[in-house]
Structures are given as structure tokens and as C-alpha cells.
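Here are some notes to read with the model open beside you. I have gone from the general picture to single residues, one topic per point.

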Amino acid sequence: LPVFPLFSVLPKEWFRMNCNNLLIMGENDFKFTSALTKLSMPPLLSSRFGDLNENGIDRRLGGVDPTKLHADYRIISHVQNKHLDRFAWIFPEMTSNTNDHDSSFYQNLLLETFHSLALLRTTIAAPVKWIFAIALQNDQFSSWSVSQSASRVGWRLCAWSRFDPASFPNSSSSNNVTETRRIVTMESYGDHSLIKTTTTTALDTRFYVFELEGSL
């Protein structure tokens with residue numbers, strides 16, 4: 001990760017600027033989409049791996065695999081109609097059956113996602129600026145080899161910054177990026193001692209923006 005990025009980006013402002021052409025991938029309960037909507041910047045589309053539990057909800061798609069976007073006719077249609085050229089994934093997370101610490105699984109998942117997005121751009125004649133943003137926690141950027149996977153298929157990191165989940169209230173991201181650590185201390189009061197305390201510490205969360213090489 002560059003110590004000095006090419007330029008910094010404020011995640012909330014990025015979503016405000018790009019929401020009209022944006023697909024949010026890997027949503028589970030669509031809480032992040034709802035948070036963006038409440039902030040008056042709803043994405044063009046939101047998607048989840050599984051089928052939708054509710055029918056007829058505008059702008060929400062079920063059964064969307066980020067590693068097979070180039071073969072999804074619904075996504076291709078929006079791309080070819082020049083509606084869609086921005087993509088985001090907030091804290092990639094698979095089913096509970098997947099080991100959260102299986103770095104190779106997530107490395108392959110993101111490599112295939114970068115590749116699928118690159119293939120998706122070939123469905124249009126004129127190249128456009130193709131952007132993919134991703135929010136990650138702790139050492140996921142390095143342990144999942146995200147930069148290496150991106151560069152293998154023509155993407156480059158063009159910006160990054162801290163990601164503050166509190167900027168997106170009531171979203172899953174604001175609820176799931178904290179961890180509880182029990183810190184035990186002993187304080188003496190005369191002949192008595194008091195054991196303290198439990199604290200909650202926010203995880204290190206960052207926002208990375210990639211651009212596909214050759215984009216205009």
C-alpha cells in the first residue's frame with residue numbers, strides 16, 4: 001500500500017458522486033443500500049448472492065455472483081445502456097460456513113471479481129472509466145493479496161482512505177466492524193480491590209478505489 005496515495009478519497013463523498021452509475025455487490029440484508037438511500041444517494045443497483053426474499057423491490061437484484069458479472073444479462077443490459085460503470089463491495093463476506101480466516105478463499109474470490117469486471121467492460125464498444133471500490137478490515141488488503149490480484153488483470157489502485165462506518169448509520173457496516181475486548185484491571189480502594197472493565201474497540205477499516213487500466 002503506498003504511503004502517499006495518488007489522491008485521497010472520502011468514502012461518503014465518493015458514494016455521493018458515483019451513486020447514479022453504481023452497483024453495490026454482495027449485499028446480504030441491503031442495509032448499506034438503505035443507509036445510502038437515507039443519505040439521499042441511492043445506488044443505481046444493489047445485489048446479493050442469494051435470491052430475494054421480497055419480490056418487486058426496485059433496483060435490487062438477487063442471485064448475482066460478483067465473479068460472474070460478465071455473464072449476467074441483467075448487469076450487461078445496464079452496462080450496454082451506459083447506466084453502469086461503477087462498482088462497490090463493502091466488507092466482502094460469504095456464508096457462515098466459510099472460514100473467515102481462509103485468506104486463499106477470499107484472494108481467489110476477489111481475483112475472479114476483478115477479472116469478471118474486466119470482462120464485463122468488453123461488452124461495450126467504447127471504453128469508459130471503470131471503477132471498483134472495496135471496503136476492508138484490518139490486514140485483509142495484504143493477507144488477501146488484493147493489490148496483486150487487481151494488477152494481474154489490469155486494475156490499479158488509484159486512491160484509498162480510512163472508512164468510517166458511522167458515516168453510514170444503521171448499515172451492516174456500522175454494526176459489524178467493532179470487536180469487544182475484555183481488559184481486566186485491578187484498582188485498589190483501601191482494603192478493597194475492584195476488577196474492571198470491558199471495552200469495545202473499532203476495527204481498522206479502509207476504503208480502496210481501483211481503476212481498470214485503459215479507462216478513459
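1. Strands here are DSSP runs of E with at least two residues, numbered from the N terminus. With that in hand, Glu 211 is found in strand E9. Please keep in mind that this is a predicted model.

2. First, the overall picture. The protein chain is built with seven helices and nine strands. It has 216 residues, and 44% of them count as buried. Its accessible surface comes to about 11700 Å², with 49% belonging to carbon and sulfur atoms. Among contacts with a separation of 6 or more, 66% are between residues 24 or more positions apart.

3. Strand E9 is a good place to begin looking. It spans residues 205–212, and eight of its eight residues are buried. Thr 205, Phe 207, Val 209 and Glu 211 point one way from E9, while Arg 206, Tyr 208, Phe 210 and Leu 212 point the other way. Residues pointing either way are buried.

4. Which strands pair with E9? One is E5 (residues 131–137), which pairs with E9 in the antiparallel sense over seven bridges. Within that pairing, Ile 134 has Tyr 208 as its bridge partner in E9. Another is E6 (residues 155–162), also antiparallel to E9 and joined to it over seven bridges. For Ser 161, the bridge partner in E9 is Phe 207.

5. Back to Glu 211, since a glutamate may catch your eye here. Is Glu 211 buried or exposed? Its relative accessibility is 11%, and the cut-off for buried is under 20%, so Glu 211 counts as buried. Leaving out residues up to four places away in sequence, Glu 211 touches Lys 129, Trp 130, Ile 131, Gly 154, Trp 155, Arg 156 and Cys 158.

6. Next, the nonpolar interior. The largest nonpolar core has 35 residues, and those with the most contacts inside it are Phe 87, Leu 120, Trp 130, Phe 132, Trp 155 and Phe 210. Two or more residues come from each of strand E1 (22–25), helix H3 (73–80), strand E4 (86–90), H4, E5, helix H6 (146–152), E6 and E9. H4 gives the most to this core, with seven residues.

7. Leu 120 is worth clicking on. Not counting neighbours within four places in sequence, Leu 120 is in contact with Leu 69, His 70, Ile 75, Ile 76, Val 79, Phe 87 and Trp 130. There is also a second, separate core of 23 residues, which includes Leu 39, Ile 131, Cys 158 and Ala 159.

8. Helix H4 covers residues 103–121, and Tyr 106 lies in it. Tyr 106 has a relative accessible area of 1%, under the 20% cut-off, and is therefore buried. Pro 92 is 14 residues from Tyr 106 along the chain, and their C-alpha atoms are separated by 8.3 Å.

9. Last, the cysteines. How many disulfides does the structure hold? The structure holds zero. Cys 19 has a relative accessible area of 6%, so it falls under the 20% limit and is buried. Cys 158 is buried too, with a relative accessible area of 4%. You have met Cys 158 above, as one of the residues that Glu 211 touches and as part of the second core.

Definitions and conventions: Residues are numbered from 1 along each chain as its sequence is written. This is a predicted model: local features need pLDDT of at least 70, side-chain atom pairs count only at pLDDT 80 or more; totals for chains, interfaces and linings use all residues. Side-chain values use heavy atoms; hydrogens and water are left out. Buried means under 20% relative accessible area, exposed over 50%, partly exposed in between (1.4 Å probe, protein chains only). Helices (H or I, at least four residues) and strands (E, at least two) are DSSP runs, numbered from the N terminus. Two strands pair if DSSP finds at least two bridges between them. A disulfide is a pair of cysteine sulfur atoms within 2.5 Å. Contact means heavy atoms within 4.5 Å. Accessible areas come from the Shrake-Rupley method with a 1.4 Å probe; for residues, only the protein chains shown count as cover. A nonpolar core is a set of buried Ala, Val, Leu, Ile, Met, Phe, Trp, Tyr and Cys residues joined through side-chain atoms within 4.5 Å.
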